[in-house]
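Trainee: I should like a close look at one charged residue, followed by an account of its surroundings. Please define each term where it is first needed.

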Amino acid sequence: MKIDWAALGSVFGVSLVVTVGLVALFTLGIAGLSRREAASTRGESAVAATAGAYACFALCAAAVAYGISLILG
């Protein structure tokens, strides 16, 4: 058996970058929702924080759907 170490390293690197990116994107979404909650307790509007949070969650869902389509296709 021969292992292609370059291909294995490439897959590992891409997986690591995508995983860290998705976690960061989801974290930004949670931070946006917490800013919305903090603004609502102060009586302020947080439309930008809410829209940004939903955009982050939508991008996370799109990335997961794309990954599933890659696996199934």
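What is the relative accessible area of Glu44, and how is the residue classed on that basis?

Mentor: The model is a predicted one, in which local features need pLDDT of at least 70, side-chain atom pairs count only at pLDDT 80 or more, and totals for chains, interfaces and linings use all residues. Residues are numbered from 1 along each chain as its sequence is written, and side-chain values use heavy atoms, with hydrogens and water left out.

Glu44 has a relative accessible area of 46% and is therefore partly exposed. On this scale, buried means under 20%, exposed means over 50%, and partly exposed is what lies in between, with a 1.4 Å probe and protein chains only. The accessible areas themselves come from the Shrake-Rupley method with a 1.4 Å probe, and for residues only the protein chains shown count as cover.

Glu44 is situated in the loop that separates helix 1 from helix 2. Helices here are DSSP runs (H or I, at least four residues), as are strands (E, at least two), numbered from the N terminus. Gly43, with a positive phi near 85°, follows helix 1. The side chain of Glu44 joins that of Arg42 in a salt bridge, at 3.3 Å from N to O; such a bridge requires a side-chain nitrogen of Lys or Arg within 4 Å of a carboxyl oxygen of Asp or Glu. Arg42 counts as exposed, at 55% relative accessibility. From C-alpha to C-alpha, Glu44 is 17 Å from Ala31, a residue 13 places away in sequence.

Two salt bridges are found in a search of the whole structure. Besides the bridge of Glu44 and Arg42, there is one between Glu37 and Arg36, at 3.5 Å from N to O. Both of its partners are partly exposed: Glu37 at 44% and Arg36 at 28%.

The loop that holds Glu44 lies between helix 1 and helix 2, and the chain has two helices and zero strands. Helix 1 comprises 38 residues and reaches 55 Å between its first and last C-alpha atoms, close to the 56 Å expected at 1.5 Å a residue. The expected span is 1.5 Å times one less than the number of residues in the helix. For helix 2, with 26 residues, the expected span is 38 Å, and its end C-alpha atoms are 37 Å apart, which agrees.

The two helices meet through their buried residues. In helix 1, Gly29, Gly32 and Ala39 are buried, and the buried residues of this helix pack against helix 2. The buried residues of helix 2 are Thr50, Ala53, Cys56 and Cys60, and these pack against helix 1. Contact means heavy atoms within 4.5 Å. An α-helix has 3.6 residues a turn, so residues three or four places apart point the same way.

Cys56 illustrates this packing. Its relative accessible area is 12%, so Cys56 is buried. Leaving aside residues up to four places away in sequence, Cys56 touches Leu25, Leu28 and Gly29. By contrast, Ala61, which also has its place in helix 2, is partly exposed at 47%. The C-alpha atom of Ala61 is 11 Å from that of Leu25, with their positions 36 residues apart along the chain.

An aromatic pair also joins the helices. It is the one such pair found in a search of the whole structure. The ring centres of Phe26 and Phe57 are 5.2 Å apart and the planes stand at 55°, so the pair is tilted. Phe26 belongs to helix 1 (residues 5–42) and Phe57 to helix 2 (residues 47–72), so that the pair links parts of the chain 31 residues apart. For the definition, rings of Phe, Tyr and Trp (its six-membered ring) pair if their centres lie within 6.5 Å; planes under 30 degrees apart are stacked, those over 60 edge-to-face, and the rest tilted. Phe26, at 43%, and Phe57, at 22%, are both partly exposed.

Finally, the chain as a whole. Its C-alpha atoms fill a box of roughly 65 × 20 × 15 Å along the principal axes. The radius of gyration is 18 Å, whereas a compact globule of 73 residues would have one near 11 Å; the radius is taken over C-alpha atoms, and the globule rule is 2.2 Å times the number of residues to the power 0.38. Buried residues make up 11% of the 73 residues. The chain exposes about 5,600 Å², of which carbon and sulfur atoms supply 75%.
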